[in-house]
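Got your viewer open? Let's take a short walk, one selection at a time.

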Amino acid sequence: MQFQLIASNGLARCGRLHFARGTVDTPAFMPVGTYGTVKAMTPEELRDIGTQMILANTFHLMLRPGTEVISAQGGLHRFMHWEGPILTDSGGFQVFSLCAMRKIAEQGVSFRSPVDGSPVLLGPEWAVEVQHALGADVVMVLDECTPYPATEAQARRSMELSLRWAERAKAAHGDHGSALFGIVQGSMYPHLRHASLEGLLRIGFDGYALGGLSVGEPKEEMFRVLETVAPGMPGDRPRYLMGVGSPADIVEAVCRGIDMFDCVLPTRNGRHGLAVTRFGPINLRNARHADDPRPLDPESRCAAAQRLSGSSGRGSSA
């Protein structure tokens, strides 16, 4: 992967990520294909709307259908029928979601598979190994997603553990051809965020992500973290804000220097009949849209907005 900075305006910037499988213009949003498919969307539809890169999840794919199944079919790209770049999340957020069902130790995270109940140990080396086997273009280190709220002591222990895991992940990655991203942790404490970033810079990564945000904290807290940390992130490497996907939040984050985003929000909203338009959000399940023949927005370049009316959108996944 190579990152090319094209232009900037204040902290906001546009650039280009060059991969063997294609080019990604930044700022870039990555639709989430957790189990190897973006819900309610075909690969052809994703390409039609301009998607250049997607995200898939290591945690879910290694449990079902399993790394061996995907590898036997030629890797994740062939499995998904997606020719462009793919970023795979390491599974840190999914482990965070298990809460009481998991145990975190120096070696890694132990839990019972939600699929068949078998014991699983997910460590930083194995997380990298699985992502290599999937054929990811961008590999994420395993981190502990610090819960919110957290005391300073809790946040420090979590951040330091993630740093040690990041160093082990870098060693496991070696000279593999995919890009490896480190993840900045530290909760809402600026000095801990800076310490995390400094530690990751010493290890050295192809890109840097901000984790532990969009986990229940107020929006102003998230933006404060971005304002504190993003300016110190290397200007010649991509900056990735994990798990953020509302239009307003993306614009605010781009203004603070972020290049990459992912979130399940767009497809989830679509499946629940919520259309985001230039006039504001429209809940298509409201009764007043039942007999409305007008398109959602005739001037939009989005095919769904042009072709679907309020009444047709009530029962569709668009």
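Before you click anything: two strands count as paired here if DSSP finds at least two bridges between them. Also keep in mind that this is a predicted model.

**Stop one: strand 11.** Select residues 179-184. With 6 of the 6 residues buried, strand 11 is largely enclosed by the rest of the structure. Now show the side chains. In a regular strand, side chains alternate between the two faces of the sheet. Here, Ala-179, Phe-181 and Ile-183 point one way, while Leu-180, Gly-182 and Val-184 point the other, and all are buried.

**Stop two: the neighbours.** Add residues 138-140, which make up strand 10. Strand 10 runs parallel to strand 11, and 3 bridges join them. Look for Val-138 standing opposite Ala-179. Next, add strand 12, residues 207-210, which is also parallel to strand 11 and joined to it by 4 bridges. In this pair, Phe-181 stands opposite Gly-207. To get from strand 11 to strand 12, follow the chain through helix 8, residues 190-203; this β-α-β crossover is right-handed.

**Stop three: a pair of helices.** Select helix 9 (residues 219-229) and helix 10 (residues 247-254). How do helix 9 and helix 10 lie relative to each other? They pack at an angle of about 25 degrees, with their axes 10 Å apart. Angles under 35 degrees count as roughly parallel, so helix 9 and helix 10 are roughly parallel to each other. Their crossing is right-handed. Finish by showing side chains at the contact: Lys-219, Met-222, Phe-223 and Leu-226 from helix 9 meet Asp-249, Glu-252 and Ala-253 from helix 10.

Technical notes
Residues are numbered from 1 along each chain as its sequence is written. This is a predicted model: local features need pLDDT of at least 70, side-chain atom pairs count only at pLDDT 80 or more; totals for chains, interfaces and linings use all residues. Side-chain values use heavy atoms; hydrogens and water are left out. Buried means under 20% relative accessible area, exposed over 50%, partly exposed in between (1.4 Å probe, protein chains only). Helices (H or I, at least four residues) and strands (E, at least two) are DSSP runs, numbered from the N terminus. A crossover is right-handed if, with the strands pointing away from the viewer, the path from the first strand over the helix to the second runs clockwise. Axes are lines fitted to C-alpha atoms, for helices over the stretch in contact, and angles run from 0 to 180 degrees between N-to-C directions. Angles under 35 degrees count as roughly parallel, over 145 as roughly antiparallel, 65 to 115 as roughly perpendicular and the rest as oblique. A crossing is left-handed if the near helix is turned anticlockwise from the far one by less than a right angle, and right-handed if clockwise. Contact means heavy atoms within 4.5 Å.
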